Number of protein chains: 2
Amino acid sequence: MTRHKTGNDVIDRWRELLALHAGVSCALERELSERHGLGVSEFEVLDRMAENLAACDEGGKEKFRVQELADEVHLSQSALSRLIARLEREGLVSRAICEADRRGVFVMLTDEGRKRHTEAAPTHLAVLTAHLG
Amino acid sequence: MTRHKTGNDVIDRWRELLALHAGVSCALERELSERHGLGVSEFEVLDRMAENLAACDEGGKEKFRVQELADEVHLSQSALSRLIARLEREGLVSRAICEADRRGVFVMLTDEGRKRHTEAAPTHLAVLTAHLG
DNA sequence: GTGCATTGGATGCAGGTGCATGTAATGTCC
DNA sequence: GGACATTACATGCACCTGCATCCAATGCAC
């Protein structure tokens, strides 16, 4: 690791970051996809929703707007829109029109979505621990 | 930054890494593309080649095999093959069959490629410094 | 209310990526 | 030498992504 030093601190940091990111992303993608049929981005979205759902009593939310999730997972609005469409097609989330502002769309976890997230979370954590522990 | 703590060290580290990577990559892509017509991966490849070229006297190389570069920039062999095809189309690198092993392909910087890299390098460094400094 | 800008999200499109596979050149074993 | 595995790279394909754009619902002047 960090085989090639450039002699420049900033560039070296960036290369290490790139290498770490590539390694972890790649491993995560493989494991999540093989064992749970989820991509990294898909899991990330389910994860944020599950997390907030769990904290529902103390300020967490049950429903999300699309853009809100996009910020969290570093995806463009369009990518998120499609990602949510995929998750909906698989029955992991459901979309509902927000009556208060009919332009908006609420996204929420289904029971199946919560289940898949619960199953995948240990895999996710295991991969992270193996690479970043 | 790091707005949302999960209370789990490994997951928090991963999220910070994701956020940092997304921010820097996005900024780099924008700047390099707007000002020099280069993508992040394209620059990264030129950079490795220029770097080794500079160190040519002391063990650096002038010519590269495709897979060799793929490892450095965390891309699949196929992605690299196409990326090099793009760079060749733009006249930044040239490919030559390796006579010693006619399966192999040598990739080397052209003068134009060296020029573009030299122009883009300060932008690259500036963005990194701004985000990681 | 009418006109115009803005916002939230969906979609057409171009382009990049990985996987599986194809092709040609080598290597290996008998 | 001949059959088979392997290696190096290219390519077909499916899929994901961002940008630009579109559409519907709001907001804001006036």
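This report describes a predicted model of two protein chains and two DNA strands, taking the fold, the chain interface, the DNA surfaces and one helix in turn.

**Chain A**

Chain A has five helices and two strands. Along the sequence these elements follow the pattern α-α-α-α-β-β-α. Taken along the principal axes, the box filled by the C-alpha atoms of chain A is roughly 55 × 30 × 30 Å. Chain A has 133 residues, of which 26% count as buried. Among contacts in chain A with a separation of 6 or more, 50% join residues 24 or more positions apart.

**The two chains and their interface**

A turn of 180 degrees with a shift of 0.0 Å along the axis lays chain B on chain A, with an RMSD of 0.0 Å. That is the relation of a two-fold axis.

In the interface, 19 residues of chain B are in contact with 19 residues of chain A. Helix 1 (9-36) and helix 5 (111-132) of chain B each supply at least two residues of the side that touches chain A. The largest share of that side, eleven residues, comes from helix 1 of chain B. By class, the side of chain B that touches chain A has twelve nonpolar, five polar and two charged residues. The copies meet through the same surface, because 100% of the interface residues of chain B are also interface residues in chain A.

**Surfaces near the DNA**

Both chains contribute residues around each DNA strand. The table gives the class make-up of the two surfaces.

| Surface | Nonpolar | Polar | Charged |
|---|---|---|---|
| near DNA strand C | five residues | eight residues | eight residues |
| near DNA strand D | six residues | nine residues | eight residues |

DNA strand C is surrounded by 21 residues, and the closest are A:Ser78, A:Ser81, B:Ser76, B:Ser78 and B:Ala79. Helix 3 (66-73) and helix 4 of chain A, together with helix 4 of chain B, each supply at least two residues of the surface near DNA strand C.

Around DNA strand D there are 23 residues, of which A:Ser76, A:Ser78, A:Ala79, B:Ser78 and B:Ser81 come nearest. At least two residues of the surface near DNA strand D come from each of helix 4 (77-89) of chain A, helix 3 (66-73) of chain B and helix 4 (77-89) of chain B. Helix 4 of chain B gives the most to this surface, with five residues.

**Helix 4 of chain B**

Helix 4 of chain B has 13 residues and reaches 18 Å from its first C-alpha to its last, close to the 18 Å expected at 1.5 Å a residue. Which residues of helix 4 of chain B are buried? They are B:Leu80, B:Leu83, B:Ile84 and B:Leu87. These residues lie on the same side of helix 4 of chain B, because they cover an arc of only 100 degrees around the axis. Their cover includes helix 2 (40-54), helix 3, strand 1 (93-97) and strand 2 (105-109) of chain B.

The face of helix 4 of chain B turned away from its buried side carries the exposed residues B:Ser78, B:Arg82, B:Ala85 and B:Arg89. Of these, B:Ser78 is also listed among the residues that come nearest to DNA strand D and among the closest to DNA strand C. Just after helix 4 of chain B, B:Gly91 takes a positive phi of about 80 degrees.

Technical notes. Residues numbered from 1 in each chain as written. Chains lettered and ligands numbered in written order. Predicted model: local features only at pLDDT ≥ 70, side-chain atom pairs only at ≥ 80, totals over all residues. Contact = placed C-beta atoms within 7 Å. Helix = DSSP H or I, 4+ residues; strand = E, 2+ residues; numbered from the N terminus. Nonpolar A, V, L, I, M, F, W, Y, C, P; charged D, E, K, R; others polar. Near = placed C-beta within 6 Å. Buried ≥ 20, exposed ≤ 12 C-beta atoms within 10 Å, placed from the backbone. Least-squares fit on C-alpha atoms with pLDDT ≥ 70 in both. Expected span 1.5 Å × (residues − 1). Arc of directions from axis to C-beta.
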